[in-house]
Amino acid sequence: KPFEPFIPPHVQIIAANNTLYISTASGLYAIDAATGAEKWVYATEFPLGHSPTIYDGVAYVGGLDNKIHAIDANSGIGLWTFSGGGGFETNPLIVGDTLYAGSRDGKMYAITIAGANTGQLDWSYTTGGPILYSAAYNDGVIYFASNDSFAYALNATSGALVWKSAKLPGAGFYSYWPVVYEDKVIFSGSNAYSTAISWPGSGQMAKLELQDLYVSQSVPPGSTIGAVST
């Protein structure tokens with residue numbers, strides 16, 4: 001099914017209620033899973049930052065308009081919005097009556113989604129860089145990484161710091177989520193070097209195993225690696 005608006009490459013199609021929910025640069029689309037027919041569109045002025053979370057009949061999604069949008073998952077009618085200090089490029093995590101979402105302003109936000117304080121801030125925690133890496137939950141604690149190159153564990157109820165990792169290598173944390181397995185939390189990071197070189201005039205990309213050169217043989221990133229014959 002063709003879409004006119006751009007769909008960011010890290011956006012995943014979310015299936016629920018016999019419907020496919022797709023975040024785009026123009027808003028959230030709801031598509032009939034059986035026929036591909038468009039059910040509704042929730043239009044936004046700025047692009048959505050990541051996939052929505054569907055919970056209890058509501059679609060929750062963050063955008064580059066600095067807002068978390070709560071949308072009726074059946075009708076596409078907007079229910080409420082929460083405004084943060086930066087764009088949201090993370091997939092909302094929902095535990096009980098609380099939504100957790102990291103923002104480009106470096107804050108992890110906890111937002112109440114039920115009761116008298118629906119749509120209101122419960123707490124926020126400030127890190128030293130943009131948060132583009134979604135959170136995971138286990139046993140009362142949320143885990144995420146910030147682009148200050150630290151991983152964080154916060155008390156899900158209060159937002160208090162449980163622990164903060166040593167500074168982690170690489171070029172940051174983008175798009176994905178931690179995986180909690182037994183007593184460990186696994187983070188996927190980005191390498192601080194290119195993994196492909198374009199040979200002059202070839203128009204092709206040649207994959208190189210650079211880890212051994214950069215680490216084992218102490219060749220710094222950006223250095224010339226041998227001579228290229230034409």
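**Exercise 1.** In this predicted model, determine in which sense strands E15 and E16 pair and over how many bridges.

*Solution.* Step 1: locate the strands; E15 covers residues 151-155 and E16 covers residues 161-164. Step 2: examine the pairing, which is antiparallel and extends over 3 bridges. Step 3: identify a bridge; Leu154 has Leu161 in E16 as its bridge partner. Step 4: inspect the connection. E15 and E16 form a hairpin with 5 residues between them, and in the turn Gly159 has a positive phi of about 80°.

**Exercise 2.** Place E15 and E16 in their sheet, and state which strands form the edges.

*Solution.* Step 1: establish the order. The sheet is open and has 4 strands, arranged E13-E14-E15-E16 with antiparallel pairing. Step 2: find the strands that pair on one side only; these edge strands are E13 (136-138) and E16. Step 3: consider the twist, which averages 20° from one strand to the next.

**Exercise 3.** Classify the geometry of the ring pairs Phe82–Tyr109 and Phe173–Phe187.

*Solution.* Step 1: note that the whole structure contains 12 aromatic pairs. Step 2: take Phe82 and Tyr109. Their ring centres lie 5.5 Å apart and their planes meet at 65°, so this pair is edge-to-face; the cut-off for that class is over 60 degrees. Step 3: trace the chain. Phe82 belongs to strand E8 (residues 78-83) and Tyr109 to strand E11 (residues 107-112), so placed 27 residues apart that the pair links distant parts of the chain. Both Phe82 and Tyr109 are buried. Step 4: turn to Phe173 and Phe187. With centres 6.4 Å apart and planes at 75°, this pair is therefore edge-to-face. Phe173 lies in the loop between E16 and strand E17 (179-181), whereas Phe187 lies in the loop between strand E18 (184-186) and strand E19 (196-198), 14 residues apart. Step 5: assess burial; Phe173 has 3% relative accessibility and therefore counts as buried. Step 6: look for a cluster; ring pairs link Phe82, Phe88 and Tyr109.

**Exercise 4.** Identify the ring over which the charged end of Lys164 sits.

*Solution.* Step 1: place Lys164 within E16, which spans residues 161-164. Step 2: locate the ring; the charged end of Lys164 sits over Phe150, 4.2 Å from the ring centre.

**Exercise 5.** Summarise the protein as a whole in terms of its secondary structure, burial and surface.

*Solution.* Step 1: count the elements, which are 1 helix and 20 strands. Step 2: consider burial; 42% of the 230 residues count as buried. Step 3: consider the surface. About 11900 Å² is exposed, and carbon and sulfur atoms supply 51% of it.

Technical notes:
Residues are numbered from 1 along each chain as its sequence is written. This is a predicted model: local features need pLDDT of at least 70, side-chain atom pairs count only at pLDDT 80 or more; totals for chains, interfaces and linings use all residues. Side-chain values use heavy atoms; hydrogens and water are left out. Two strands pair if DSSP finds at least two bridges between them. Helices (H or I, at least four residues) and strands (E, at least two) are DSSP runs, numbered from the N terminus. Buried means under 20% relative accessible area, exposed over 50%, partly exposed in between (1.4 Å probe, protein chains only). Accessible areas come from the Shrake-Rupley method with a 1.4 Å probe; for residues, only the protein chains shown count as cover. Axes are lines fitted to C-alpha atoms, for helices over the stretch in contact, and angles run from 0 to 180 degrees between N-to-C directions. Rings of Phe, Tyr and Trp (its six-membered ring) pair if their centres lie within 6.5 Å; planes under 30 degrees apart count as stacked, over 60 as edge-to-face and the rest as tilted. A charge sits over a ring if NZ of Lys or CZ of Arg is within 6 Å of the ring centre and within 35 degrees of the ring normal.
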